[in-house]
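Biologist: Mind walking me through this fold? I'd like to hear the reasoning behind each label.

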Amino acid sequence: MDAEEVAALIKDHADEIKIVNDRCLFATTDRQRYRGAMLALKTQDVQHISTITGVDRGETVEVTYHFDCRPAELNLKINLPKNELRIPTITDIFPGAVLYERDLMEMLGVKVEGHPDPRRLFLPDDWPEGEHPLRKEWREKAK
Amino acid sequence: MTFIVPIGPQHPAVKEPEFFRFEVKGEEIVNVDIRLGYAHRGIEEALARRNYKHNVYLIERICGICNVAHTTTYCQTIEQLAGVEPPERAKYIRTIILEFERIHSHLLWLGVAAHQIGFDTLFMLAWRDRERVMDLRELISGNRVTSATNTIGGVRRDVKPEHVPTILRGLDELERSTKYYIDVFSSDRTILARCANVGVLTKDDARKFCAVGPLARASGLKVDLRKDYPYATYDKLSFDVVTEREGDVWAKGMVRLKETLESIRIVRQALKELPNGPLRTKITLEIPPNETIERTEAPRGELFFYALSNGTDKPERVRVREPTYANMSSMKPMFVGGTVAEIPIVMWGIDPCFSCNDRVALVDSGSGKASTLTLEELRRWRR
């Protein structure tokens with residue numbers, strides 16, 4: 001699907017759809033609708049998730065799911081307020097996301113609910129609980 | 001009754017630090033868990049604290065083997081962020097050094113694969129021929145490994161006309177030897193006995209676990225970002241995407257060897273069509289708030305970058321997801337059901353690069369099943 005087709009597919013499940021070019025688009029969704037968007041992608045045989053990116057935007061943590069829709073890459077964002085950093089897992093829809101969600105949990109402290117294996121991913125065993133190295137608070141502390 | 005066989009973190013088949021915990025029943029592997037992170041250097045955070053120019057050098061050091069793939073992807077990402085287009089000649093030179101990198105990476109794979117199965121003569125031969133492409137890399141960039149050729153807006157080093165005959169001669173030699181290795185790989189009894197039907201990744205599993213690169217192509221998925229998502233000058237050059245159907249270690253090797261021939265073809269075309277012109281476009285490093293993604297086909301598969309700028313000369317966030325990370329999820333189906341003796345070659349089959357991987361590292365639990373199983377669960381699972 002090219003970017004226009006992807007945009008048409010997810011238009012009910014997302015806002016602020018920004019088509020950068022025919023092979024790249026960004027869209028913002030929310031906790032209620034993101035699964036709908038992903039299930040819609042799945043009906044069009046989108047199976048490849050490139051990765052999940054977490055960005056600390058100050059008040060919120062922005063979680064971006066990057067899907068390969070061949071050729072277009074859909075970047076689907078969800079903003080999570082820092083006092084409610086929880087998101088249900090997507091591994092039931094995209095099993096390939098299992099590691100990226102663990103990465104997200106440990107680096108940004110987003111709790112992925114229902115994850116089949118929520119162990120620490122790559123930080124050392126003696127890394128303190130509740131410290132998330134990609135959070136801005138951590139950067140301030142580490143200075 | 002199962003036993004745990006710990007392998008690593010020192011020298012787990014490849015000379016890089018990772019820890020593998022194999023659960024075996026007799027000779028048979030019934031489960032695998034991987035503990036990564038031993039080479040974690042916090043590079044994503046470090047990138048956000050340095051300016052865009054410094055980051056080129058940091059990115060180059062994520063991984064030695066695929067340093068050009070990393071810098072090309074990074075530079076393309078930042079060029080997109082800033083809305084700058086590099087000159088045509090720079091794109092061709094990028095294509096040439098990217099393909100040199102693929103050739104050397106695949107020949108390195110062949111050598112180590114031969115070593116893993118005890119075929120050290122082939123190891124020596126493959127690495128002898130790999131030296132030819134290393135010499136060509138040195139000819140262009142001044143360095144055998146870390147090329148330091150890419151920069152934001154173009155390239156720093158030119159392919160001079162007097163280099164061209166030497167490169168073409170080198171490519172002829174490489175083509176001859178690669179064809180010989182394809183012949184050896186498809187007929188030698190040792191290779192067939194150790195690689196065929198070993199470490200199989202089915203097409204469905206490859207798709208399910210989002211496998212990338214030669215691993216996916218060896219399982220029959222026709223994915224290659226040089227075709228699917230063209231960058232540099234790949235849309236102007238003709239080459240084939242190599243796939244095999246078997247999904248075993250043999251297919252993974254065959255895909256890499258045939259790709260080496262395609263890479264040679266690409267470099268020849270690029271040299272022939274190399275346009276004249278400047279090498280780089282000037283760029284202002286205070287990039288206004290913007291975000292973008294970029295994907296390229298590194299020797300090991302899809303390399304993904306996301307970058308977010310904030311108006312200063314430092315990025316707000318750079319996310320790197322390199323191919324070994326993506327391929328880790330596919331490890332479990334390849335190991336389970338195999339034997340202990342197959343571990344080194346199956347592990348090497350994905351061509352893992354742990355230093356790439358660990359810049360943000362991970363532990364794998366494959367399909368998401370609990371990694372510590374009770375005996376009862378294990379029995380049920382075995383059926």
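Modeller: Sure, and keep in mind that this is a predicted model. Let's start where β1(A) meets β2(A): four bridges join them, and they run antiparallel. A:Asp15, for one, stands opposite A:Thr28 in β2(A), and a hairpin through two residues links β1(A) to β2(A).

Biologist: What makes β1(A) and β2(A) a pair?

Modeller: Pairing takes at least two bridges. β1(A) and β2(A) have four, so they count as paired.

Biologist: And how do you know that β2 of chain A pairs with β5 of chain A?

Modeller: By that cut-off of at least two bridges again: six join β2 (residues 24-29) to β5 (residues 73-81) of chain A, so they pair too. These strands run parallel, and A:Thr29 stands opposite A:Ile78 in β5(A).

Biologist: Why is the pairing of the whole sheet called mixed?

Modeller: Because β1(A) and β2(A) run antiparallel, while β2 and β5 of chain A run parallel, the five-stranded open sheet, ordered β1-β2-β5-β4-β3 (chain A), has mixed pairing.

Biologist: What makes β1 and β3 of chain A edge strands?

Modeller: β1 (15-21) and β3 (48-56) of chain A each pair on one side only. Across this sheet, neighbouring strands are turned by 20° against each other on average, direction ignored.

Biologist: Which strands does helix α1 of chain A lie across?

Modeller: Helix α1 (residues 3-10) lies across β1, β2 and β5 of chain A, at about 170° to β1(A). Helix α3 (residues 98-108) of chain A also packs on the sheet, touching β3 and β4 (60-68) of chain A, and its direction makes about 5° with that of β3(A).

Notes
Residues are numbered from 1 along each chain as its sequence is written. Chains are lettered from A and ligands numbered from 1 in the order in which they are written. This is a predicted model: local features need pLDDT of at least 70, side-chain atom pairs count only at pLDDT 80 or more; totals for chains, interfaces and linings use all residues. Side-chain values use heavy atoms; hydrogens and water are left out. Axes are lines fitted to C-alpha atoms, for helices over the stretch in contact, and angles run from 0 to 180 degrees between N-to-C directions. Contact means heavy atoms within 4.5 Å.
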